[in-house]
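Please go through this structure by way of questions and answers, written for someone who has not met it before.

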Amino acid sequence: MQPFGRHYVVVRPLFSEDSFAEQHERINRNRKTLRHHLKDYFTSFSKLCFYGVHCSCDTNRAKNAALSFLPIIGWMKNYNIKEWLLGDIVSGISTGLVAVLQGLAFSLLASLPPGYGLYTAFFPAIVYFFLGTSRHLSVGAFPILSLMVGAVVTRLVPDEGPSANITGFEGLSLEQQRVLVASSVTFLMGAFQLIMGLLQVGFIVMYLSDTLVSGFTTAAAVHILVSQLRFVLGLDFPGINGPLAIVYTLVEVFSRITNTNVADLVTSIVIMSLVLIVKEINDRFKSKLPVPIPIEVIVTVIACGVSYAFNFEERFDVVVVGEMVNGYESPVAPNLEVIKESAVEAFPMAIVGFAVAFSVAKVYSVKHDYTIDGNQELIAFGVSNMFGASFRSFAASTALSRTAIQESTGGKTQIAGVLSAMMVLIVIVAVGFLLEPLPRSVLGALVIVNLKGMLMQFRELPFLWKNDRSDFVTWVVTFLASLFLGLDLGLAVGLGAELFTVVCRTQFPRCSVLANITGTDIYRDRKDYISISEPDGVKIFKIPSPIFFANIDFFRDKLVQAVGFSPIRVLKKRNKALRKIRKMLRNGELEVSDRGLEVRQPSLTTSEDDGNMESLDQPTDFSGLPIQVNWNTELPANISVPPVNIHSLVLDFSAVSFLDISALKGLKMMLKEFIRIEVDVYIVSCDVYVMEKLNQCTFFDDEIKTSIFYPTLHDAMLHILEKHPDHGELEKDISINYGVIQRESIAM
């Protein structure tokens with residue numbers, strides 16, 4: 001290759017795949033099969049476990065095992081006390097204050113007493129400190145997970161009516177039953193995450209696209225908003241669970257709207273207005289503020305003081321937080337019957353909790369230039385949730401606002417996370433009683449205010465509609481299904497809709513006919529450019545997707561549409577015509593002259609003797625005829641054959657990443673149909689592994705040969721020009737000295 005300014009000149013032989021293989025020897029590599037990958041994985045995993053428990057192990061392997069299961073060892077030994085400690089302390093205190101309030105508020109979403117949200121802000125954070133790979137994630141309650149836990153809780157232990165018939169509920173109060181359900185489903189959720197982490201299936205989060213997650217979280221935000229209306233308005237009615245729960249909840253709200261507690265409503269409006277205004281100030285002046293103004297903490301302290309001073313609970317009938325948990329309760333084992341009843345809900349909770357946490361962690365890992373391990377994150381959250389559930393906490397993940405505070409206030413490592421957990425600990429064991437006068441409407445207002453970011457995702461819809469209708473459909477279907485069917489079923493429906501759009505895109509790809517851009521060796525869709533050159537008798541057809549059982553018929557139809565005729569129909573018509581010509585020659589109705597076949601006397605019958613119809617799709621047989629029929633000339637009367645206006649068909653396989661057996665059989669039959677009507681078929685830019693599969697599956701035979709494959713589209717076009725010089729308009733247009741590039745090797 002020789003560069004000439006912004007041009008390049010390449011002089012090389014014209015290659016087919018066969019000639020390229022002759023001149024360039026490939027390295028034979030033994031690729032691992034699925035069985036070998038599984039064997040290596042389980043072997044390495046067993047070795048890792050072995051070296052983790054035997055003191056006689058190799059030092060390096062033991063070190064790698066420890067670093068793998070305890071990432072804290074890796075970053076703690078490099079901890080810069082002078083530069084990082086102060087930032088971690090400030091961040092830990094700021095995040096801890098917010099974690100306390102969010103723990104209290106999100107407990108309402110889980111239909112649990114507020115104090116149990118503090119356990120969720122403490123126990124999982126301590127475990128994640130040792131096992132997690134993210135340095136900035138704030139682990140604790142997450143509103144969507146809290147709502148999903150609440151759906152299970154209210155289903156098994158409703159506000160009105162008897163609880164589910166579950167062994168272990170005997171002698172427990174309503175609140176204790178709910179705490180047992182929440183901790184049991186959380187334990188199962190953590191077990192699912194731990195199992196997925198040990199099986200190295202962290203990649204599962206890739207199936208949840210940003211569009212699906214956006215639609216799902218927006219629907220969850222609407223659910224949360226509606227569920228908090230009863231606290232904000234001070235209405236007393238039981239929580240509703242199941243499909244169409246949001247509709248029934250709104251019916252309850254509007255049917256009881258006249259019973260609104262004015263004190264709760266006014267308090268909520270004031271709180272929401274103040275928090276929204278100060279949050280906007282924080283966003284606008286974040287570069288000038290050393291730390292964001294902790295407005296949630298400020299309004300909570302003020303609300304507690306005002307409620308206590310004016311005795312809101314008795315004077316205005318306001319529902320307050322009430323008695324807080326004092327210290328820690330003894331560990332509790334999960335209830336097996338609850339686990340059986342909640343398995344269907346626990347698995348989507350495990351996926352959602354990990355997906356949200358991993359996507360947030362990935363953002364900050366890229367920003368601060370360190371790596372996170374998806375599988376280790378699954379293990380960390382699995383163990384965190386299982387450990388926390390043993391101490392009556394509910395499902396933990398991360399909250400976007402809380403993590404943003406931990407990072408923006410100077411947090412560098414998970415030491416900030418531990419310090420925030422210590423703040424929660426102080427509240428649990430020492431000052432929790434000070435929050436008892438806090439109106440629940442304040443917690444509901446804080447929850448609603450923190451939904452702003454998720455509700456603003458509605459703004460994505462115009463962009464999606466304008467730029468990607470498939471993603472728009474995924475968003476809308478996920479949103480509506482999650483809104484009306486519930487979050488667990490909605491996630492499943494959304495995932496199905498997402499996969500359906502992927503199937504549709506591969507099943508109905510945008511095939512195109514290519515042409516040469518004048519003066520280049522570049523080929524583009526002929527509909528998109530003005531200065532193009534398309535040689536007579538050649539069609540270049542591009543397949544922009546894998547070919548498999550679901551789209552092989554679509555591919556065939558599009559190809560027939562592109563060339564303008566059906567090869568099998570042409571082949572059958574030609575074989576029928578040959579039978580008729582033979583019959584007419586036997587009957588003396590045709591004679592052979594210098595001008596071809598001429599009618600001696602008209603045929604007395606117009607019917608055609610089809611004979612064996614099954615043989616009509618076989619190669620044309622001219623044996624027994626004194627002349628070879630030229631199908632492009634005028635044929636004798638009563639004999640008509642569809643015209644074929646191309647001599648070469650080029651299939652661009654540059655985007656074909658795989659073929660399955662069904663597609664391979666269909667492709668083989670399709671190529672034979674074209675070859676049998678004397679159309680030369682060429683396949684270009686075929687992936688080497690697709691070629692290997694074709695060889696393994698006996699794709700090639702006497703009709704389809706490896707010589708039809710070319711490494712580039714331009715190689716195939718030059719070969720066609722050489723073979724059909726009468727159709728050489730392309731040669732002068734591409735401005736390449738065709739005489740220099742010959743099929744034999746050129747000495748460089």
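Q: How many helices and how many strands does the secondary structure of the chain come to?
A: The model is a predicted one, and its elements are assigned as runs along the chain, numbered from the N terminus. Counted in this way, the secondary structure comes to 28 helices and 13 strands.

Q: What percentage of the residues in the chain is buried?
A: A residue counts as buried when its relative accessible area is under 20%. The chain has 748 residues, and the share of them that is buried comes to 48%.

Q: Which helix gives the most residues to the largest nonpolar core?
A: The largest nonpolar core has 102 residues, and those with the most contacts inside it are Leu 118, Ile 144, Val 149, Val 181, Met 349 and Val 424. With 15 residues, the element that gives the most to this core is α14.

Q: Which residues does Val 181 touch, leaving aside those up to four places away in sequence?
A: Val 181 is among the residues with the most contacts inside the largest nonpolar core. Once residues up to four places away in sequence are left out, the ones that Val 181 touches are Val 152, Val 153, Leu 156, Val 157, Phe 169 and Val 338.

Q: How many residues does the second, separate core have?
A: Apart from the largest nonpolar core, which has 102 residues, there is a second one that includes Leu 559, Leu 659, Phe 700 and Ile 704. The number of residues in this second, separate core is 40.

Q: Why does the salt bridge between Arg 26 and Glu 692 tie together distant positions of the sequence, and how many residues apart are they?
A: The side chains of Arg 26 and Glu 692 meet in a salt bridge, with N and O at 3.3 Å. Because Arg 26 lies in the loop between α1 and α2 while Glu 692 lies in helix α26, the pair ties together parts whose separation in sequence is 666 residues.

Q: Is Glu 345, the salt-bridge partner of Arg 155, buried or exposed?
A: Arg 155 in helix α7 and Glu 345 in helix α14 are 190 residues apart, and their side chains meet in a salt bridge at 2.8 Å, N to O. Arg 155 has a relative accessible area of 32% and is partly exposed. For Glu 345 the relative accessible area is 14%, and since the limit for a buried residue is under 20%, Glu 345 is buried.

Q: Which residue forms a salt bridge with Glu 329?
A: Glu 329, which is partly exposed at 30% relative accessible area, lies in the loop between α13 and α14. The partner is buried at 17% and lies in the loop between α15 and β4, so the pair ties together parts that are 63 residues apart in sequence. The closest N and O atoms are 2.9 Å apart, and the residue that completes this salt bridge is Arg 392.

Q: Which helices each supply at least two residues of the nonpolar patch?
A: The patch lies on the surface, has about 770 Å² of accessible area together, and includes Tyr 248, Leu 480 and Val 493. Tyr 248 lies in helix α10 and, at 45% relative accessibility, counts as partly exposed. The helices that each supply at least two of the patch residues are α10, α21 and α22.

Notes. Residues numbered from 1 in each chain as written. Predicted model: local features only at pLDDT ≥ 70, side-chain atom pairs only at ≥ 80, totals over all residues. Heavy atoms only, no water. Salt bridge = Lys/Arg side-chain N within 4 Å of Asp/Glu carboxyl O. Helix = DSSP H or I, 4+ residues; strand = E, 2+ residues; numbered from the N terminus. Buried < 20%, exposed > 50% of the residue type's maximum accessible area, 1.4 Å probe, protein only. Patch = residues over 30% accessible without salt bridge, like charges linked within 9 Å, V, L, I, M, F, W, Y side chains within 5 Å. Areas by Shrake-Rupley, 256 points an atom, 1.4 Å probe, with all protein chains shown as cover. Core = buried A, V, L, I, M, F, W, Y, C linked by side-chain atoms within 4.5 Å. Contact = heavy atoms within 4.5 Å.
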